[in-house]
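Dear colleague,

I am passing a structure on to you, and below it you will find an account of what turned up in it. Please keep it open beside you as you read.

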Amino acid sequence: MSSSLRLLALLIPLALGCADFGRGDPSLDAGGGSPDGGGGGGDGGTLSFATDVHPLLTSGCQSCHRAGGAAGDTALVLIGEVEADYLEAISFIDVSSPSASRLLRKAAGAGHGGGTLYAEGSPEYQTLLNWISGGAQP
């Protein structure tokens with residue numbers, strides 16, 4: 001991805017403000033969560049959306065969060081393409097407060113109509129948290 005596109009991808013959420021999946025009570029997202037850890041995977045490396053996060057979203061979220069799916073009318077709609085799905089996902093993260101990110105909270109079940117996908121403390125939850133903490137790299 002070019003640096004201009006990367007910069008644009010990071011600025012879009014700022015311009016749009018606080019995103020909402022359009023499901024569940026947003027107040028449920030405000031509390032709880034793990035303390036924000038350091039970035040990177042267990043080996044200290046930086047996680048990427050393409051390699052580490054996209055597979056979690058396609059396997060755990062896309063069956064409902066797709067056009068025509070049960071959550072196809074929400075703000076998060078995945079199409080299975082890394083770059084497009086990255087642009088969708090980053091509007092639901094907050095690198096300044098990773099554990100409060102809507103993507104992470106919804107995956108953990110807070111205000112999520114689909115229930116818990118990745119419970120706090122699970123390897124998948126930790127991957128999402130570490131990716132966000134590490135700057136949500138593409």
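Which residues of α2 meet which residues of α5? On the α2 side they are F49, D52, V53 and L56, and on the α5 side they are E124, T127, L128 and W131. Sorted by class, this contact of α2 with α5 is made up of five nonpolar residues, one polar residue and two charged residues. Please bear in mind throughout that this is a predicted model.

To see how these two helices lie, it may help to know that α2 covers residues 49–60 and α5 covers residues 123–133, and that their axes come within 10 Å of each other and cross at roughly 135°. Because an angle over 145 degrees would be needed for roughly antiparallel, and one of 65 to 115 for roughly perpendicular, α2 counts as oblique to α5. The crossing of the two, α2 and α5, is left-handed.

Stepping back to the whole chain, its secondary structure comes to five helices and zero strands, so that reading along the sequence gives the pattern α-α-α-α-α. Of the 138 residues in the chain, 40% are buried. When contacts between residues at least 6 apart in sequence are considered, 67% of them join residues that are at least 24 apart.

The segment after α5 holds a residue that you may wish to look at, namely A136. Its phi is near 55°, which is a positive value in a residue other than glycine. Is A136 buried or exposed? With a relative accessibility of 1%, A136 counts as buried, because the cut-off for that class is under 20%.

The cysteines come last. A disulfide is a covalent bond between the sulfur atoms of two cysteines. How many disulfides does the structure hold? The number is zero. C61 takes part in none, and the nearest cysteine sulfur to it, that of C64, is 8.8 Å away; likewise, C64 is in no disulfide, its nearest cysteine sulfur being that of C61, at 8.8 Å. Because a disulfide needs the two sulfur atoms to be within 2.5 Å, the 8.8 Å from C61 to C64 does not qualify. As for their surroundings, C61 is buried, with a relative accessible area of 7%, whereas C64, at 34% relative accessibility, counts as partly exposed.

With best wishes

How values were computed:
Residues numbered from 1 in each chain as written. Predicted model: local features only at pLDDT ≥ 70, side-chain atom pairs only at ≥ 80, totals over all residues. Heavy atoms only, no water. Buried < 20%, exposed > 50% of the residue type's maximum accessible area, 1.4 Å probe, protein only. Axes fitted to C-alpha atoms, helices over the stretch in contact; angles between N-to-C directions. Helix = DSSP H or I, 4+ residues; strand = E, 2+ residues; numbered from the N terminus. Parallel < 35°, antiparallel > 145°, perpendicular 65-115°, else oblique. Left-handed = near helix turned anticlockwise from the far one by under 90°. Contact = heavy atoms within 4.5 Å. Nonpolar A, V, L, I, M, F, W, Y, C, P; charged D, E, K, R; others polar.
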